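Reader: Could you take one part of this protein and walk me through it closely? I'd like to start from the overall layout and then zoom in on the packing inside.

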Amino acid sequence: MADPGDEQRAALLAAASLFPVPDGATFSYGTAGFRADGSTMAPAVCRAGIVAALRSVKLGGAAVGLVITASHNPVGDNGVKIVDADGGMMSQAWEPFSDALANAPTPNTLLQLVIQFAKDEGITLGGGHSAQVLLARDTRPTGEYLLDVATKGISAIVGSVALDMGILTTPQLHWMVRNKNRGLKASEADYFTQITESFRHLLELTPDDKGIDELNEKLIVDGANGIGGLKLEQIKPNLARLNILVRNSGKEGDGILNERCGADFVQKEKVLPLGFGPNDVGVRCASFDGDADRLVYFHVTSLSKTSVDLVDGDKILSLFVLFIREQLDIINGKDNKGLLPTRFGVVQTAYANGASTEFLKNIGLEVVFTSTGVKYLHKKALEYDIGVYFEANGHGTVLFNDEFVSRLESLTARLSEAAGSPQHQAALRLVATSQLINQAVGDAISGMLLVEAVLQHKRWSFQNWCDLYTDLPSKQLKVKVKDRTSIVTTDAERKVCQPSGLQELIDKEVVNYSHGRCFVRPSGTEDVVRVYAEASTVEAADSLAKSVAHHVERILGFC
Ligand SMILES: CC(=O)N[C@H]1[C@@H](OP(=O)(O)O)O[C@H](CO)[C@@H](O)[C@@H]1O
Ligand SMILES: [Mg+2]
């Protein structure tokens, strides 16, 4: 076995001794990194620092990212997530090692795990290599402490450098890692310049530009009392033709992070976030989650009610798809045989509302499904020239393949001889879109700016957008069971294969409902089984979800 050298051994043993794993604690990397009560997170965060530094060594010293956040979860929680060198989520192949390391019971076990893993992966430790990890955190009170803990983990791999990028949205850090490794400008100021400039370009390319009326210019954003609202305040003055008001902005004294506000709350509860009320009827509203990688829109429906008209990730995806398709049709003609043949794909999960999938299929698009979690959707979307993916909860983006962008740019250069032609304008719109929308991960701020540009392009009101299709009523339930991992699913989580008999019971329930659809899966972030049901009425969706939840409880053992 390769000997990492005394200095390296000592550094790993020291880091592991600083933050021992308490008896009985287990960490799991799950759908989106380690998450738990912030005060218990130090061991997992320190060890994630070690993993991030090793990942950088493995990738020849390329920058890797580490972000301290628990996204939409309560303010007392915290978490850690590793960003791979391409700006995406850490390679899934490294998750088992991350889990093992986070749970290593003694410093010596941790050391042995690292030595063995380094050997398996061909990583030479203890000499001559370099590694760099970019760090960021959200606004949680435990963030500063945990960032320091992560730094200690990173330093436990000799030769590693930790760079604190400050308090950022999660997508900002992903963007920085991606850009840095591509030799592109990668500071926060560069991020702001890129999104505000490309937004301005898109607006300049609006056809028959007649300006915008006052009401449509107005947008109220619920910042979830997180980092997204604070960043939006910073760029607001540079956003032409938008009159943005940020509520739950995260400023001192404003309110508690994610508490009765934010994208997760609005999408799941379908009620107004705190700070919104009857005065907002008729105004377009958007909501971010705590680390600003999720986005939904809503309208206050009436003076008396707290319910909202929701535009979720599926409808944001549909809007983007229509806009991109329109530009491709201008360039290529409807048969896609013109100047820029494009493989255009749409990726959803089982949680996508059935009405959205039907809408997309009806307009002739290929829709593919993956398991829940951005890491799966993103990977699938990369298979296309332009791949659009969204989770219903508002996390998603539009990916432009590098080779496609080169083709698009040379086409744009050729077409510039006929500057102002519809094809030239459409190609320019696609270039600006690829610059505006975050290529590393879903990003509430850049996604919101693309929504705003597309609505102005189409001269659409919020209502026009809402009316694209009508969501089928749906219901989500959580069931606490003894061991959620005894549920095994297949077909992008839409069917249960274990325990045997459960899928048959679900099928028997579903046939009783018009437009009925139902699936169950173990959550990757909480110790629950999630039940999702859809049907033609609210009552029917509720009843289908309840019946299936009962079967799950009965078969798996309620706890
Ligand atoms: C139904 C649902 O919203 N599931 C969420 C949730 O995952 P679960 O594995 O369902 O707990 O958290 C993930 C990370 O934020 C997110 O990607 C996913 O969409
Ligand atoms: Mg989030």
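**From the domains to the core**

Author: The domain assignment splits the protein chain into domain 1 (6-167), domain 2 (197-311), domain 3 (314-466) and domain 4 (474-556). Domain 1 and domain 2 have their C-alpha centres 34 Å apart, and where the two touch, 10 residues come from domain 1 and 13 residues from domain 2. On the domain 1 side of that contact you get 3 nonpolar, 5 polar and 2 charged residues. Keep in mind that this is a predicted model.

Now the chain as a whole. It has 19 helices and 19 strands, and its C-alpha trace spans about 70 × 60 × 50 Å along the principal axes. The radius of gyration is 24 Å, which agrees with the value near 24 Å for a compact globule of 559 residues. Of the contacts between residues at least 6 apart in sequence, 71% link residues at least 24 apart. Buried residues account for 50% of the 559.

So where do the nonpolar ones gather? The largest nonpolar core holds 141 residues, and V45, A48, L66, V133, A150 and F320 are those with the most contacts inside it. Helix α2 (residues 42-58) is the top contributor, giving 11 residues to this core. A second core of 25 residues lies apart from it, with A350, A352, I487 and A540 among its members. As background, nonpolar side chains in soluble globular proteins tend to be buried together.

Zoom in on L66: setting aside neighbours within four places in sequence, L66 is in contact with A48, G49, A52, V80, I82, V83, V133, L135 and A150. Three of those names, A48, V133 and A150, also sit on the list of residues with the most contacts inside the core.

For a look at another spot, try C285 in strand β8 (residues 284-288). C285 counts as buried because 25 C-beta neighbours fall inside 10 Å, the cut-off being 20 or more. Beyond residues up to four places away in sequence, C285 touches I220, D222, F276, D280, Y297, F298 and H299. Take Y297 from that set: C285 and Y297 are 12 residues apart in sequence, and their C-alpha atoms are 5.6 Å apart in space.

Last stop, the ligand. Ligand 1 is surrounded by 15 residues, and the closest are T31, A32, S523, G524 and T525. By type, that shell comes to 3 nonpolar, 9 polar and 3 charged residues.

Terms used. Residues are numbered from 1 along each chain as its sequence is written. Chains are lettered from A and ligands numbered from 1 in the order in which they are written. This is a predicted model: local features need pLDDT of at least 70, side-chain atom pairs count only at pLDDT 80 or more; totals for chains, interfaces and linings use all residues. A nonpolar core is a set of buried Ala, Val, Leu, Ile, Met, Phe, Trp, Tyr and Cys residues joined through C-beta atoms within 7 Å. A residue is buried if 20 or more other C-beta atoms lie within 10 Å of its own, exposed if 12 or fewer, and partly exposed in between; C-beta atoms are placed from the backbone. Helices (H or I, at least four residues) and strands (E, at least two) are DSSP runs, numbered from the N terminus. Two residues are in contact if their C-beta atoms, placed from the backbone, lie within 7 Å. A residue is near a molecule or strand if its C-beta atom, placed from the backbone, lies within 6 Å of it. Ala, Val, Leu, Ile, Met, Phe, Trp, Tyr, Cys and Pro count as nonpolar, Asp, Glu, Lys and Arg as charged, and the others, Gly among them, as polar. The radius of gyration is taken over C-alpha atoms; the globule rule is 2.2 Å times the number of residues to the power 0.38. Domain bounds come from an automatic or database domain assignment.
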